[in-house]
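Student: Before we accept any label in this model, I would like to go through the reasons behind each one. Could we take them in turn?

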Amino acid sequence: MNLVLFGPPAAGKGTQAKRLVEERGLIQLSTGDMLRAARAAGTELGQQVAEIMDTGQLVSDEIVIALIEEQLENNPNAAGFIFDGFPRTVAQAEALDASLKARGQKVDCVVRLCVEDESIMTRITKRFEEQGRTDDNPATFKKRLDAYHKNTAPLLPYYSAQGKLTEVNGMADIETVAGAVARVLDTHGNGKAEKPKSFWARLFGG
Ligand code: AMP
């Protein structure tokens, strides 16, 4: 079971992803977390993306696709993945489809956490006070929200055309949202993973 958690920044994707990791044994792949880890470790990649992230822009497709590709490669026996904050552009979504297809897998469902911009701005002010993430400061966050509307929202028709998109009210409390997400997963099989296909099954079908 491969799930894309979709929604604007601060919609609650990370919170819901972490619950699914615990409850269903799926692996969370958050490109935002990976990039922050690279920065904290002071790697070349971290230095390369620091300014882009701090100004609320999107890192290049090439970089984030490579990060995801590496994780898929490193976890061949995963029960399934939760993509959190990825894909954020149509090019990323196409690359993800191709990459999963090459492994005999696919995106099974896309859950959109719907939260209005005003609520997001209220949430983010609180998160900024609590966690002090540089890119959560109101001016930068506004840019992140703009990038979502400009580059990421166009993915909705992409997944909707494939019949994979389900919308969930992300304004409700965490438990209620978790219940709604669980119902979506349960209608796509049992919400647990199909085992990735073996090399031979991929080669010869089945
Ligand atoms: P997030 O924590 O998911 O909101 O990501 C924080 C920042 O990392 C974003 O504002 C972008 O600068 C960068 N980033 C994370 N994921 C992506 C992605 N899939 N594509 C481009 N940039 C990303």
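Student: Where is Ala 10 found, and what makes its backbone worth a remark?

Tutor: Ala 10 is found in the loop between β1 (3-6) and α1 (13-24), and in this predicted model its phi is positive, about 70°, although Ala 10 is not a glycine. A positive phi also occurs just after α6, where Gly 132 takes a value of about 65°.

Student: How do you know whether α6 reaches the span expected of it?

Tutor: The expected span is 1.5 Å times one less than the number of residues. Helix α6 (residues 117-131) has 15 residues, for which 21 Å is expected, and the distance from its first C-alpha to its last is 20 Å, which is close to that value.

Student: Why are β2 and β5 called edge strands?

Tutor: The 5 strands form an open sheet in the order β2-β3-β1-β4-β5, with parallel pairing. β2 (27-30) and β5 (165-169) each have a single partner strand, so one side of each is left without a neighbour in the sheet. From one strand to the next, the twist averages 25°.

Student: What makes β4 and β5 a pair?

Tutor: Two strands count as paired if there are at least two bridges between them; β4 (residues 109-114) and β5 have 5 bridges, in the parallel sense, and therefore meet that condition. Within this pairing, Val 110 stands opposite Leu 165 in β5.

Student: Which strands does α2 lie across?

Tutor: Helix α2 (residues 31-40) lies across β2 and β3 (81-84), and runs at about 65° to β2. α2 also gives the most to the shell around the ligand, with 4 residues.

Student: How do you know that Gln 57 makes a polar contact with the ligand?

Tutor: A polar contact is a pair of N or O atoms within 3.5 Å, and a polar backbone atom of Gln 57 is 2.6 Å from an oxygen atom of the ligand, so the pair qualifies. By the same cut-off, the side chain of Arg 88 qualifies through a polar atom 3.0 Å from an oxygen atom of the ligand, and the side chain of Gln 92 through an N or O atom 3.0 Å from a nitrogen atom of the ligand. The protein covers 96% of the 470 Å² of accessible area that the ligand has on its own.

Student: What makes the peptide bond between Phe 86 and Pro 87 cis?

Tutor: Its omega is about 0°; Pro 87 is found in the loop between β3 and α5 (90-102).

Terms used:
Residues numbered from 1 in each chain as written. Predicted model: local features only at pLDDT ≥ 70, side-chain atom pairs only at ≥ 80, totals over all residues. Heavy atoms only, no water. Helix = DSSP H or I, 4+ residues; strand = E, 2+ residues; numbered from the N terminus. Axes fitted to C-alpha atoms, helices over the stretch in contact; angles between N-to-C directions. Contact = heavy atoms within 4.5 Å. Polar contact = N/O pair within 3.5 Å; in protein donor to acceptor, adjacent residues only side chain to side chain. Areas by Shrake-Rupley, 256 points an atom, 1.4 Å probe, with all protein chains shown as cover.
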